[in-house]
Amino acid sequence: MNKVQDFLRKQAEGDLLPWLCQLAASEKFDITIAQVEETALASGLLPARYQRNRQGISVSQQLALFRSWVAIIGCGGLGGYVIEELARLGVGAIIAIDPDIFEEHNLNRQILSTPATLGRPKVKAAALRVAEINPAVTLIPIQAAYLPENGEEILKGANVVVDALDSIPTRLALAQTCAQLDIPMVHGAIGGWYGQVVTQFPGDDTIQRLYSQWVEGKGVEQQLGNPSFTPAVVASIETAEVCKILLGQGETLRNRKLFINLFDMQFEEIFFERHLMAAGE
Amino acid sequence: MQTTEAFQLHETIQITLKLFATFRIGRFTVASREYAKGTNIAAVIRELLIPEGQIGTIMLNSRHADPDRELNDGDILAIFPLVGGG
């Protein structure tokens, strides 16, 4: 990789590597764009597409993001935006999991859906979109439903799991799987003008307590539907949580739920005491 | 002294109730209400005619609480509906 490094250093403008140089290196040395990107970042060069990530994210942190794997469970309203934002952020590998195809009622909010993608698998649309916007990012499409039985196989290697599901019992199962696999999980849910986000680390039980009153069925989304803007807001908050977990910095929504009310434009925080510790573990 | 003790037997507590999202429809956003001492959260929810299955999070003084929790004078109780879409 020394030759590649030398080439990139010569092509760089200061410490910024323009996209055309990334392409040229890929062709010249017959390596993938992803390999060029990793070499550049490891050499202290920042692909120019990320220059506005600075100063918030340094070159070494950009490399940490590039070497990260994030699994998104559900590629609908929330998942579509999360995938878009993670790919633009520069997370190197995204595992997209969803069994469904796009239907007409998705068009009001699901960013990966277009009239042309109706009837096509959501994960395929995700792969095409990511290849289009950031070819350095690898999207692994899994057209299957997450189940407790396949959880270990499909979430293997993920540094963070993003809950973009639309089913409460499936979420509760996912929280269990993430705990078993020792993977942090970012929970998001929406309904009408409302949404919520929680970040759960292995050993926490906030998500389980969030739904401790749940008996059956869906939440307010059944009555209120989901407009275009609520998934965008909640997905963006989820992505910010993922970014902080991957970089190990900032304050996450651990042990607290953010309740988002876009109708009255109010944001509420609900604090969850750590159960096990409170009970004298 | 005896009158004070007798009064305490019927002591009431003042609670601030906050409802969120769909629970506001036909009810209120914030209200101050009086309850008998010893009233728990579940009793307040029943009085508000909120079906148990629709309850998401219960927050007592900014902290998550379970329905069997007994209320104290001056408590702020907030009730959020279940949100589960994606």
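Good morning. I begin with a pairing in chain B: strand 3 and strand 5 of chain B run antiparallel to each other and are joined over four bridges. Within this pairing, Met59(B) faces Ala78(B) of strand 5 of chain B. Please bear in mind throughout that this is a predicted model.

Strand 3 of chain B has a second partner. It also pairs with strand 4 of chain B, again in the antiparallel sense, over two bridges. There, Leu60(B) has Arg63(B) in strand 4 of chain B as its bridge partner. Strands 3 and 4 of chain B form a hairpin with two residues between them, and Asn61(B), in the turn, has a positive phi of about 50 degrees.

Ser62(B) also lies in the loop between strand 3 and strand 4 of chain B. Although Ser62(B) is not a glycine, its phi is positive, at about 75 degrees. As a reminder, most residues other than glycine have a negative phi. Is Ser62(B) buried or exposed? Ser62(B) counts as exposed, because it has 12 C-beta neighbours inside 10 Å, and the exposed class takes residues with 12 or fewer.

Strand 3 of chain B itself is mostly covered, with five of its six residues buried. For chain B as a whole, which has 86 residues, the buried share is 33%.

Let me now place these strands in the chain. Chain B contains two helices and five strands, and their order along the sequence is α-β-β-α-β-β-β. Of the contacts in chain B with a separation of 6 or more, 60% are between residues 24 or more positions apart.

I turn to the contact between the two chains. How many residues does each chain give to it? Chain B supplies 19 residues and chain A supplies 35 residues. On the chain B side, the elements that give two or more residues are strand 3 (55-60), strand 4 (63-64) and strand 5 (76-81). Strand 3 of chain B gives the most, with four residues. Thus the strand that pairs with strand 5 of chain B over four bridges is also the one that gives the most to the side of chain B touching chain A. By class, that side of chain B has eight nonpolar, nine polar and two charged residues.

Next, chain A. It is divided into domain 1 (2-62) and domain 2 (68-278). The C-alpha centres of these two domains of chain A lie 30 Å apart. Six residues from domain 1 of chain A and six residues from domain 2 of chain A take part in the contact between them. On the domain 1 side, helix 3 and helix 4 of chain A are the elements that give two or more residues. The largest share of that side, three residues, comes from helix 3 of chain A. By class, the domain 1 side has three nonpolar, two polar and one charged residues.

Helix 4 of chain A merits a further word. Gln62(A), Leu63(A), Leu65(A) and Phe66(A) are buried in this helix. They lie on the same side of helix 4 of chain A, because they cover an arc of only 160 degrees around the axis. In general, an α-helix has 3.6 residues a turn, so residues three or four places apart point the same way. The buried residues of helix 4 of chain A pack against helix 3, strand 2, helix 5 (77-89) and helix 11 (229-247) of chain A.

Ahead of that helix, there is a backbone feature to inspect. The peptide bond from Arg54(A) to Gln55(A) is cis, with omega near -5 degrees. Gln55(A) is located in the loop between strand 2 (46-47) and helix 4 (59-66) of chain A. By way of background, most peptide bonds are trans.

Where in chain A does Asp30(A) lie? Asp30(A) is in the loop between helix 2 (19-29) and helix 3 (33-42) of chain A. Asp30(A) is not a glycine, yet has a positive phi of about 55 degrees. Asp30(A) is exposed, because only 12 or fewer neighbours are allowed for that class and it has 7 other C-beta atoms within 10 Å.

I close with Asp100(A), which is found in the loop between strand 4 (93-97) and helix 6 (122-133) of chain A. With 15 C-beta neighbours inside 10 Å, Asp100(A) counts as partly exposed. From C-alpha to C-alpha, Asp100(A) and Ala48(A) are 35 Å apart in space, and they are 52 residues apart in sequence. Thank you.

Notes
Residues numbered from 1 in each chain as written. Chains lettered and ligands numbered in written order. Predicted model: local features only at pLDDT ≥ 70, side-chain atom pairs only at ≥ 80, totals over all residues. Contact = placed C-beta atoms within 7 Å. Nonpolar A, V, L, I, M, F, W, Y, C, P; charged D, E, K, R; others polar. Buried ≥ 20, exposed ≤ 12 C-beta atoms within 10 Å, placed from the backbone. Pairing = 2+ DSSP bridges. Arc of directions from axis to C-beta. Domains from an automatic or database assignment.
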